[in-house]
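Biologist: Can you walk me through this one? Start with how you compare the copies.

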There are 4 protein chains.
Amino acid sequence: MKSKKQIRVGMVGYRLMGRAHSHAYRDFPFYFDSDTIPVLQAVAGRDEEGVKAAADKMGWASWETDWRRLIEREDIDLIDIVTPNNTHAEIVIAAAEAGKHVFCEKPLALSLDQAKQMLEAVKKAGVTHMVCHNYRFSPAVQFAKKLIEEGRLGKIYHIRATFLQDWLMDPDFPLIWRLRKEVSGGGTLGDLGAHIIDLARFLVGEFSEVVGMMETFIKKRPLGSMTDNLKGRIESDQRGEVTVDDATAFLAHFENGALGTFESSRFSRGNRAGNRFEINGEKGSLRWDMENLNNLQVYLADDEPGLQGFRTINCTEEEHPYAGSYWPSGHILGYEHTFINIVSELMNGISQGYSPQPNFEDGVKNQAVLEAVEESVQTRSWVGVSEKVHVLS
Amino acid sequence: MKSKKQIRVGMVGYRLMGRAHSHAYRDFPFYFDSDTIPVLQAVAGRDEEGVKAAADKMGWASWETDWRRLIEREDIDLIDIVTPNNTHAEIVIAAAEAGKHVFCEKPLALSLDQAKQMLEAVKKAGVTHMVCHNYRFSPAVQFAKKLIEEGRLGKIYHIRATFLQDWLMDPDFPLIWRLRKEVSGGGTLGDLGAHIIDLARFLVGEFSEVVGMMETFIKKRPLGSMTDNLKGRIESDQRGEVTVDDATAFLAHFENGALGTFESSRFSRGNRAGNRFEINGEKGSLRWDMENLNNLQVYLADDEPGLQGFRTINCTEEEHPYAGSYWPSGHILGYEHTFINIVSELMNGISQGYSPQPNFEDGVKNQAVLEAVEESVQTRSWVGVSEKVHVLS
Amino acid sequence: MKSKKQIRVGMVGYRLMGRAHSHAYRDFPFYFDSDTIPVLQAVAGRDEEGVKAAADKMGWASWETDWRRLIEREDIDLIDIVTPNNTHAEIVIAAAEAGKHVFCEKPLALSLDQAKQMLEAVKKAGVTHMVCHNYRFSPAVQFAKKLIEEGRLGKIYHIRATFLQDWLMDPDFPLIWRLRKEVSGGGTLGDLGAHIIDLARFLVGEFSEVVGMMETFIKKRPLGSMTDNLKGRIESDQRGEVTVDDATAFLAHFENGALGTFESSRFSRGNRAGNRFEINGEKGSLRWDMENLNNLQVYLADDEPGLQGFRTINCTEEEHPYAGSYWPSGHILGYEHTFINIVSELMNGISQGYSPQPNFEDGVKNQAVLEAVEESVQTRSWVGVSEKVHVLS
Amino acid sequence: MKSKKQIRVGMVGYRLMGRAHSHAYRDFPFYFDSDTIPVLQAVAGRDEEGVKAAADKMGWASWETDWRRLIEREDIDLIDIVTPNNTHAEIVIAAAEAGKHVFCEKPLALSLDQAKQMLEAVKKAGVTHMVCHNYRFSPAVQFAKKLIEEGRLGKIYHIRATFLQDWLMDPDFPLIWRLRKEVSGGGTLGDLGAHIIDLARFLVGEFSEVVGMMETFIKKRPLGSMTDNLKGRIESDQRGEVTVDDATAFLAHFENGALGTFESSRFSRGNRAGNRFEINGEKGSLRWDMENLNNLQVYLADDEPGLQGFRTINCTEEEHPYAGSYWPSGHILGYEHTFINIVSELMNGISQGYSPQPNFEDGVKNQAVLEAVEESVQTRSWVGVSEKVHVLS
């Protein structure tokens, strides 16, 4: 492997997403024949014990307790940001100024303005930039994209998408950082909604205008642990205010005339990872569900009458994007492979000199939708997305 | 059967819904042990040949070419209205004034005002009144209702409901009456949306406010046949304007705090009868789909950890409402049984002197939602439903 | 309807199957445009109270307490037999000798010899004869047949079929007639196995040889009620021996080279009516499940690579056999419609003078498979089916 | 990681299974907190170019062109055998004699006798031995085992299992090694049947006797490539005889009284990896399907009447065996994780000094079933399994 180009990665943060990214860097060279490979050079975190253990466990060659050190280090080519959302902007901008490529978790920023500053920074620096909307990279979703681009669905009329969870329904679940707007920037909308907005932009096109509603079902929660403990429960006399939404739903018009309905919720019992969409076009329809992410349901209107129905396609064939790099047909992939595939695109983008998507322009456009939805909730009326984005260029 | 009380029915109209109602009256005594039975006394329609053939085919004892004759006849107890929506009000009011019970297809009226007049008329006359929202009467939906009423779901947080079809997507499909607002009163919203609004009111509660969007994807269609031909296609130089929506989606707040998303469309490829809902509550969730209407998916949060998942319940057990009147477990029912079951409720209401639901008050409340959605589309903002209904009492 | 030819039916027996048949006769003229209609002329049963009530409830014009009276009556054209299996032969033979057409519940007889005598009787008399294998008449199964006949599956390699139930698993469920070989002729094999054997013969072809196993999990059961009570449970000191199987499985070679696996069981928890098959051919595959009987899963190998998958076809389109006589697409049918459809075929056969299938030749061939399976269990080796049948002609 | 115990692996062979094993060794330390970790020390293969490239690609520290060299090397603790079946015995016995632990792909041997010799060798040497029946290690299957062991299903009455594929249906697919009995030892029975036999032994218990049938649908195939090319197709004038089965089905009695039906086939269109089972017990039932391997369908008879149905459990919760080592609930795993999990068990077995299962005793018992099935096909009658195995001890 000596002749391969190495991209030395410095990752800021090391919790759930850090684990997913680390694994992807490790696994990518095993599955893909690329002339570029990522090197797990260094990981940064404030807690020395924690970062040390994480580096050891996940295979990072070194660690730092200050992310600024990562950026100063000359042996780092790419900064990967998996920290809470309120830290993204500062790190991205510093990294870009230092000439590092950046790979940032979603949502890109706390606000549209901030996202635009980040985009400006990476453009000015001329570095490669990418946002980690990993679900685009499920083979089934990539195949959906291919079908749409080939015109197999014709004009798109509808998308309905949800991202539903239920891990937060216990009123004694603590007030973790994701529930504090100043840290997270938002609740289910930014966390889950950002994913389905990205899928919709990827598959259907740009949003034109939106109107939404938001709800916080449990207004106060126990103070205590700030850790991102998905199973925790705290008995505490002290309660703090939840400053983000527990659920958001919104309607959308797309620029191409399609209609969309979107819903993100952490109060949907029985839905552990209910990231799903259905798209209806003139000539066909598609359905996808992350909990069985290998399957794409495809309906084609030009199927012979009597033989029309949704096909359940297990997207593990060599015809399905990325699937050929893994196992034989019918031998399914999991969640982690979406990260391996996005790393593949990131590596290709860096080595071949094109801007891999979703990049920070996608991040900005996504943020524009998030902001428009929030604004529409406050103003109780439709808010244009296009104009927010057009200002951009 | 001599000792059974007979309810002599006069039905106005005889097409698709007339067929469903006729069959239900015929089949009801076979399956149910009731002391009241419907008698297919007379059917009315303007076209003599047509009504005669329909009476003969469907088993009506006599026929009339003017619905007013039905109302004059003393041997008729109940007027059943299955004509286009713009005729409902006049027939209902005349029937009520003549002291006949009324059973009316949905949507009840062309407007909320009209619906209120109809309600006033039946109340003043003291006759029994019911709107034919048949999907309530699927055993699976009735069982859903039972679970919710028993508190098995706890507080309701979400409902998402759709009614999706695809029979109208050909641009050469003719401008039938359903596509002309002056006859139908509305497009998918009144035709399909009214059904899911009824299911939501039945299962979740009253709507508080809504905001929606509407679209007519094909603006002009061939003139020619006005028949309700679901498969037709016309080549014609003359085209007329489609004055109703091809698709409507809306968001809703419910009075009990639940959030709802709703969508009706005739442009959703592959969905022949995509009448579906998911309801999420504090303690459980439900899913239903009309295309497999015997099944109810039930998730219960107090299931043992590790054993939590949606159960697919084939609602053909004797514990499931109405199911015990038919076949053994696992021997499924179809679309037509929803009508037999609603006729059962109608017969019981008439003979036992209570107001069977959904009655015209439900019709008015449904119409209030329809009107609020339309208004919200025009004003591009949220519109209250409660106040429209409160005016009522 | 005056000009329609009437087939006056006399039905012997009136329990579960009597109900299904009665309903089908009543409903057939509503749905089908036939020049022949059945008339519910008379029903026979030994218990005067019971038969009287049944006649009244199900709409039979008259009743008899001795089935021989039905056969003597000149106003009866067709004898329909829905009594326990040990009575079929005598009634069929008497009816045939009296020149009545016969429609008999499955399994046709207690033994292959008996079945052959019955076939001989109807042939000699020149009457129309049919066995009530109703599942053939689900639109989805008929459509499966059409696809196979058109060669869409190519050469058939495999069928795997089950009919699984769970209503008998309680050891205190009583020793009803179905559990006594002298009355029923057999257990799950004759009751459930006969159905899947018929489906296999219909769809795949003739059996060549079989080898099987049988088990009676609960050897003794409470004596008491002999009624066919599917939910009953008896506490009784007296227990009698179960003389039929609780479960049977067998392997089969077909004459066309296909392989089959078959299983019937009343000890399969969670399976209320698990009548299912999968058929694999050179060019495609099919799957069907009675608990969702409207759906046929179809896989076609010549689908474009990447787009290959089982299609879920809701067989309610006008292209699907029989479906066009009922409701619009997506508006599903139920169990009872399989009986309406078989009655349609019976009426056509009688009025048009052809032998409707499955007829008594099918009954004999079915019985040959049943007998071969039983013999194979006793001899613990393969038993030829073809030779048993060939002796026939 | 310095303090961890290292198990230095030498792997013989490097194709499909070699890839799956290599990946598992690499990924295991990332996901599991074990005090023992595997080291990818050396890989062996006859083709120098091939083995070199494989070593490089998959991360093996060194390579050999003769497997005997691996066994001689003192820096190897464990020999992993992923070569064609006719080589297993020689390598295992040599490895055991050299005191190496052994991990062998299935089926263990070409014959029961050979398998017994292998077992004797590893027992005599006192080394750890394991057969790679990876499907046992899907979290859903492990959870099924747990439910059965806890008595949640009660007495088991039935298992029906299949492993269906369709990659071999083209008559021009070449005569690869898997189709030559002298190399593979058998066709679908050894390749696929061995897996479902293992699942049945794991979940239900020991086989008592079997009777089966086998078929080779395509008798001759093109000579040419011997590579295990799953997509290949060869046009060649020369054809050689296929000496293994294309499909096998068999019936089984289990020692505990359960009945089983089993089927393996490479001629089942649309089934890419149709490894499925249903188990029915006194108190509940289970269903599993490898193509959606995260899901276990569970039916519990003590669920409340009316609420009884199969639950679809996405076995990604921390309550599900192994699942807690990976991702949050609803974030699914794939095929490769079954290998990571079996490696986990292998590492634990070696380091903690117990015999991890499935071990070579399981391999022998599995081989006894395979042999009994083959014998039953030849003798056309039932063949006892127990006696074959009892001879063993």
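Modeller: Copies are superposed by least squares on the C-alpha atoms of residues with pLDDT of at least 70 in both. This is a predicted model, where local features need pLDDT of at least 70, side-chain atom pairs count only at pLDDT 80 or more, and totals for chains, interfaces and linings use all residues. Residues are numbered from 1 along each chain as its sequence is written, chains are lettered from A and ligands numbered from 1 in the order in which they are written, and side-chain values use heavy atoms, with hydrogens and water left out.

Biologist: What turn lays chain A on chain B?

Modeller: A turn of 180 degrees, with a shift of 0.0 Å along the axis and an RMSD of 0.0 Å. The two copies are therefore related as by a two-fold rotation axis.

Biologist: Which C-alpha of chain A is nearest the axis?

Modeller: That of Ser381(A), 2.3 Å from the axis.

Biologist: Switching to chain C. Is Asn314(C) buried or exposed?

Modeller: Asn314(C) is buried (under 20% relative accessible area, 1.4 Å probe, protein chains only), at 9%. Asn314(C) lies in strand β16, residues 310-314 (strands are DSSP runs of E, at least two residues, numbered from the N terminus).

Biologist: What does Asn314(C) contact beyond its neighbours within four places in sequence?

Modeller: With contact meaning heavy atoms within 4.5 Å, the partners are Glu291(B), Asn294(C), Asn295(C), His320(C), Gly330(C) and Ile332(C).

Biologist: And back in chain A, how many of the 393 residues are buried, as a percentage?

Modeller: Buried residues make up 69% of them.

Terms used: Helix = DSSP H or I, 4+ residues; strand = E, 2+ residues; numbered from the N terminus. Buried < 20%, exposed > 50% of the residue type's maximum accessible area, 1.4 Å probe, protein only.
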